[in-house]
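Grab a pencil and work through these exercises with the model open beside you. Each task comes with a solution, taken one step at a time.

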Amino acid sequence: MNNLSRAPLGAACLALLAVPAAMAQPAAPAPHGPVYAVAPPMDATIERRLMPQLAALLHQLLREKRAMRLDGVPVFDSGDKFLPGKIASGLSYLLLDTPRTDPKLAEYLAGYREIADLTIDDPNDTWGIYYYISALHALKQAGLLDQAVRPETMARLREKLDWRRFVDAKSLNLLHDLPNNYYGVAFSVARLRYLLGWEDEAASTALLQRMIGHYRSYSGQYGFADETDGHGRFDRYSVLLIGEIAQRFIETGMTPTPQVKAWLRKSADLMLHRATVTGEGWEYGRSIGTYGETAFLEVLTAAAKLGVLDKRERDMAYALSSRIAARYADFWLNPATGSVNLWDGGRRTDGYRGKHRILGENLSLARQYIYTNALWNGLGYKGAAPSPGYAAWLRTLPAARFTWFARGDHDRALLTLRDKGHVIGLPIINGAEDQHMHNPYFPIPFAGGMLQGSADAGFPQLTPRFALADGSVLMPLAWFRGISWKRQGNRTIVSWRQDAMDRMGENAPVADKRITAATRYEFTPGRITRTDTYRAAGPVDLSDVTLEFASFSGDARSAGPGAVAFGAGEVTGFSTTGYQGCTVGPAEGKEYRAPTGAFASLVRCRLGARRLSGPLTLRWSLSYR
């Protein structure tokens with residue numbers, strides 16, 4: 001107990017309230033999904049499972065057109081501003097996958113023309129422009145473009161499918177406050193316009209230089225792209241972006257620069273060190289779940305194609321890619337609806353990927369699997385069984401790896417830890433505007449299927465939330481300095497300080513220097529412990545301090561003051577010191593859902609009103625199997 005309490009705490013106040021045994025909350029069922037000791041060849045999964053699923057959706061679209069509903073959702077009422085492009089892309093695969101001698105080809109070409117006419121006036125922005133023009137380029141290469149699009153419609157598409165709709169033509173600055181990865185989109189559109197004969201090469205050359213220059217400016221010495229203009233948001237996009245850029249070179253027949261290949265190698269190296277037998281992917285930040293898995297797929301496939309992996313790494317990357325594809329078919333596709341499921345059965349994803357975009361999500365995900373599979377096929381892996389040595393190779397990977405993203409006024413980094421079959425990530429980053437208040441960006445451990453956040457949710461997952469008497473709410477989230485890490489035997493220790501807390505309530509972080517924080521994590525086999533020491537610049541009156549832990553584990557019971565034991569699930573125990581008490585019960589409500597499914601149990605801990613005038617130490621520890 002710290003020395004700031006106004007009165008001693010009695011045993012009753014310290015007691016942890018557990019769910020009675022008769023009402024025990026079971027653990028979440030299979031939050032990891034399948035484990036692939038052996039995985040089918042990637043091409044077999046794509047051809048036998050994904051392509052039929054995609055074809056069924058496209059046939060439904062051709063039949064029902066604007067009346068189409070998928071899992072009860074009217075797909076054209078979605079507000080998805082990429083949808084026309086995604087549809088053009090999806091339908092192109094139907095054409096390209098049909099033999100020229102098949103009578104159905106003429107039917108599909110007529111359907112493509114009709115859908116192109118139907119959607120010509122629908123909103124289609126940025127990524128939608130890219131998807132559409134990429135499809136047209138593929139059809140041109142196949143000799144089908146003139147039959148797939150009417151001349152009048154093509155003339156309008158030439159006007160609409162233009163990078164100038166989201167980039168200022170003179171300054172080459174992005175419009176509409178778009179994030180930095182849209183430079184890659186703009187370059188791709190300009191390059192494809194050139195390849196279609198719609199404009200000269202000047203714009204794509206200039207945009208290529210802007211894209212590379214911008215990447216260099218905001219990746220710094222470590223080679224990972226800050227998704228913001230220097231505010232420190234390093235997430236899935238930071239590692240994926242160079243893979244997307246590399247794919248643009250591959251798609252448009254350009255030779256990447258040595259610098260692009262060097263950046264790609266950094267991302268591929270990080271991805272390889274985070275490989276799993278389940279095919280689970282990136283575990284923190286926004287737009288994860290199945291997109292966290294295709295991030296691995298896109299980066300590693302580009303790295304294999306461009307020769308930045310050695311033979312063994314390439315084989316292991318293919319083995320992982322085959323597992324990611326199998327996982328998509330087994331875990332994410334719902335045979336009852338014929339759709340990917342990001343939203344139901346306890347799953348939760350970011351609001352902008354809401355279920356209203358159900359058709360578009362199916363089409364964009366299918367595209368990622370189809371093009372990466374084609375690249376692996378071209379590298380000689382068509383029909384190839386993944387290496388039987390994959391699981392053994394995973395065991396050779398380092399137990400701990402520390403990746404720097406940025407150092408300076410504020411530090412940003414990522415710990416990757418491999419223990420007991422888990423890949424645990426500790427991101428020390430700034431969620432920045434729009435995201436700093438959401439727990440997928442908190443500086444806490446994440447591990448697929450074991451420790452996760454909840455998209456767009458702000459509950460204080462494993463992070464203290466200080467409510468001040470004046471109504472302010474402060475959390476230790478954004479202003480990391482002096483990050484250090486060391487590995488001692490089987491112990492990994494990470495620490496940092498923050499000279500200010502992040503004041504909640506604004507779209508971007510606000511530094512509040514009334515309270516400072518020093519944080520220390522210690523990781524040992526099967527256990528994680530976090531210790532925070534808070535100090536006030538002057539006396540600060542607190543209303544309370546709260547902490548939550550939403551877990552997939554179940555069958556919770558009291559294990560002493562401030563502690564809970566779980567009888568089912570991978571997390572086996574959770575304990576705290578410095579709080580007055582904790583309660584545990586079912587994790588109820590839509591907020592307590594991870595990308596892969598609903599949490600089972602929720603621990604809530606609280607420290608009551610007091611004046612903070614000396615050091616306050618708060619600690620939690622969790623154990624796992």
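**Warm-up: salt bridges**

The structure holds 38 salt bridges, a salt bridge being a side-chain nitrogen of Lys or Arg within 4 Å of a carboxyl oxygen of Asp or Glu. This is a predicted model, where local features need pLDDT of at least 70 and side-chain atom pairs count only at pLDDT 80 or more, while totals for chains, interfaces and linings use all residues. Residues are numbered from 1 along each chain as its sequence is written, and side-chain values use heavy atoms, with hydrogens and water left out.

**Exercise 1.** Find the salt bridge between D122 and R66, and say which parts of the chain the pair links.

*Solution.*
- Step 1: start with the distance, which is 2.9 Å from N to O between the two side chains, D122 and R66.
- Step 2: place the partners. D122 sits in the loop between α4 (104–119) and α5 (127–141), and R66 in the loop between α2 (42–64) and β1 (69–70). Helices here are DSSP runs of H or I with at least four residues, strands are runs of E with at least two, and both are numbered from the N terminus.
- Step 3: check the separation; the pair links distant parts of the chain, 56 residues apart.
- Step 4: look at exposure. R66 has 38% relative accessibility, so it counts as partly exposed. (Buried means under 20% relative accessible area, exposed over 50%, and partly exposed in between, with a 1.4 Å probe and protein chains only.)

**Exercise 2.** Work out where R191 and E201 sit, and whether each is buried or partly exposed.

*Solution.*
- Step 1: the side chains of R191 and E201 form a salt bridge, 3.0 Å from N to O.
- Step 2: R191 belongs to helix α8 (residues 182–195), whereas E201 is in the loop between α8 and α9, 10 residues away.
- Step 3: R191 is buried because its relative accessible area is 8%. E201, at 34%, is partly exposed.
- Step 4: move on to A202, which lies in helix α9 (residues 202–219). With a relative accessible area of 49%, A202 is partly exposed.
- Step 5: A202 and A190 are 12 residues apart in sequence, and their C-alpha atoms are 8.9 Å apart in space.

**Exercise 3.** Which residues are linked with K86 in a network of salt bridges, and which residues does S364 contact?

*Solution.*
- Step 1: the network links K86 with D80, R353, R357 and E361.
- Step 2: S364 lies in helix α14 (residues 358–381). Its relative accessibility is 3%, so S364 counts as buried.
- Step 3: leave aside neighbours within four places in sequence, and S364 is in contact (heavy atoms within 4.5 Å) with K86, Y131 and Y291. K86, then, turns up both in the network and in this contact list.
- Step 4: for another salt bridge, go to D532 and R530, where the closest N and O atoms are 2.8 Å apart. Both D532 and R530 are buried.

**Exercise 4.** Take D177 and S287, each with a positive phi, and decide which is buried and which is exposed.

*Solution.*
- Step 1: D177 has phi near 60°, a positive value in a residue other than glycine. For S287, also not glycine, phi is near 55°.
- Step 2: D177 is in the loop between α7 (151–160) and α8, and S287 is in the loop between α11 and α12 (290–305).
- Step 3: D177 is exposed because its relative accessible area is 80%. S287 counts as buried because its relative accessibility is 1%.

**Exercise 5.** Describe how domain 1 and domain 2 meet, beginning with the area they bury.

*Solution.*
- Step 1: set the bounds: domain 1 is 240–396 and domain 2 is 398–624, from an automatic or database domain assignment.
- Step 2: about 2,300 Å² is buried between domain 1 and domain 2, with 54% of it on carbon and sulfur atoms. Buried area is the accessible area (1.4 Å probe) that two parts lose on being put together, summed over both.
- Step 3: in domain 1, H273, Y284 and R348 lose the most area to domain 2, together 33% of what that side buries.
- Step 4: the rule finds one salt bridge across this interface. Between D269 and R401, the side chains meet in a salt bridge at 3.2 Å, N to O.
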